[in-house]
Amino acid sequence: MLKRTAQLIFFSNYFTGVLAVSLAVETAFQLHIPPASPVFYLMLFCATVLYYTHPYTIPRSGHLPGNPRTRWYAAHRSFWRISQPLLLILFIPSFLWLSITRFLLSGPLLSPLRLLALAALLATASYNKLIPGLKANLRDIGWLKPWTVGFVWAVMVTTLPLILHQTGFKSRTADPPLSDWYFINNWMFFTVNAIIFDIKDYATDANGHLKTLVVRIGLRRVIFSVLIPLVVTGLLLFLAIAWRMEFPPFRVFLNVIPFAALLAAIYSMRKRKNILYYLIAIDGILLLKAACGILGETLTS
């Protein structure tokens, strides 16, 4: 029963939707801007679940690979055939409402919207099944895939809430050094998360000739030459901005916890893990990051 519940929560991508919303809420706290409209969080949740569920909705007659997540979707067709249309029904009006009230009626489009448009383009190109006939697929460029995934996530949960605040209040109240650091830090964090998931798919990618970083240079070099240096660089960058912005010590401590958890998770990758470990523990670090960021600002403000 416990395993079936865990599969429902994590295989269905609803947890991924919760992560996106939590990280967007963290952005408001970290950048000292008001929380976004509930409509935005609803749109973000629906878009995340719809996007990540799409690749698993294979035809009934399709071949079922060894991926337990794909098999779960094949066994629960009635679930996603109901949930996907319902999420789409919620997504469309929320997206239209935000587009009209925050963008079309708020004057000239801001330059960050170009960044958002690029993120949407990259996200669409990541799965060529979203556009029939599209040949380009960023997920076939193995070394680029995690950076693309990290960039899209950073834009959606970091830049987009800031854009909505700017268009709503006609001002930029977030401190530029802080907001710039926060975007770079999130991009790094999400990229590391994506590379760790490439470790999970190492055998499949190698057999399918997808040259991810792990396939190209090997697990050990990815861990010690890519992942750990990225996390350490992000940590040092955070400590520098914390010193410049004079963060209280307790806020610094709480924000360091996710970096430490990420380093521990990276080191644990030396041994093979099952898919639920990645979905619960590795993605769970993103939830930990959001919680620590919110608590760090709340308890020290």
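This report describes the fold, the internal cavity, the salt bridges and some local features of a predicted model.

## Overall fold

The secondary structure of this predicted protein comes to 13 helices and zero strands, and the pattern read along the sequence is accordingly written α-α-α-α-α-α-α-α-α-α-α-α-α. Of the 301 residues in the protein, 50% are buried.

## The internal cavity

Rolling a probe the size of a water molecule over the atoms shows where empty space is left. In this model the search yields one cavity of 30 Å³ or more, and the largest cavity has a volume of about 70 Å³. The elements that give two or more residues to its lining are helix 2 (14–30), helix 8 (176–200) and helix 12 (249–268), and the largest share, four residues, comes from helix 8.

The residues that line the largest cavity are E26, Q30, W181, Y182, N185, F189, F238, N255, P258, F259 and K289. By character they divide into six nonpolar, three polar and two charged. Two of the lining residues, E26 and K289, appear again below, as the partners of a salt bridge.

## Salt bridges between helices

A search of the whole structure finds two salt bridges. In one of them K289 is paired with E26, and the closest N and O atoms are 3.1 Å apart. Because K289 lies in helix 13 (residues 275–300) and E26 in helix 2, this pair ties together parts of the protein that are 263 residues apart in sequence. Both partners are buried, K289 as well as E26, and both also belong to the lining of the largest cavity.

The other salt bridge joins R251 to E297, with 3.0 Å between the closest N and O atoms. Here R251 lies in helix 12 and E297 in helix 13, so the pair ties together parts that are 46 residues apart in sequence. R251 counts as buried because its relative accessibility is 3%, under the cut-off of 20%, and E297, at 11% relative accessibility, counts as buried by that cut-off too. Helix 13 therefore supplies a partner to each of these bridges, K289 in the pair with E26 and E297 in the pair with R251.

## A nonpolar patch on the surface

On the surface, L88, I92, F95, L96 and I100 form a nonpolar patch, and together these residues have about 430 Å² of accessible area. One of them, L88, has its place in helix 5 (residues 77–104). L88 has a relative accessible area of 42% and is therefore classed as partly exposed, a class that lies between the cut-offs of 20% for buried and 50% for exposed.

## Contacts between distant positions

L42 lies in helix 3 (residues 38–53) and is partly exposed, with a relative accessible area of 34%. Although L42 and F91 are 49 residues apart along the chain, their C-alpha atoms are separated by 7.3 Å.

V214, in contrast to the partly exposed L42, is buried, with a relative accessible area of 1%, and V214 lies in helix 10 (residues 213–217). Between V214 and I196 there are 9.1 Å in space, C-alpha to C-alpha, and the two residues are 18 apart in sequence.

## Loop residues with positive phi

Most residues other than glycine have a negative phi, and most peptide bonds are trans. Against that background, H32 has a phi near 60°, a positive value in a residue other than glycine. H32 has its place in the loop between helix 2 and helix 3, and at 45% relative accessibility H32 counts as partly exposed.

E246 likewise has a phi near 60°, again a positive value in a residue other than glycine. The place of E246 is in the loop between helix 11 (219–245) and helix 12. At 69% relative accessibility E246 counts as exposed, because the value is over the cut-off of 50%.

Methods
Residues numbered from 1 in each chain as written. Predicted model: local features only at pLDDT ≥ 70, side-chain atom pairs only at ≥ 80, totals over all residues. Heavy atoms only, no water. 1 Å grid on protein atoms, 1.4 Å probe; cavity = no way out; pocket = protein on both sides within 12 Å on 5 of 7 lines; lining within 4 Å. Points joined across faces, edges and corners; volume = space filled by probe spheres on them. Nonpolar A, V, L, I, M, F, W, Y, C, P; charged D, E, K, R; others polar. Patch = residues over 30% accessible without salt bridge, like charges linked within 9 Å, V, L, I, M, F, W, Y side chains within 5 Å. Areas by Shrake-Rupley, 256 points an atom, 1.4 Å probe, with all protein chains shown as cover. Salt bridge = Lys/Arg side-chain N within 4 Å of Asp/Glu carboxyl O. Buried < 20%, exposed > 50% of the residue type's maximum accessible area, 1.4 Å probe, protein only.
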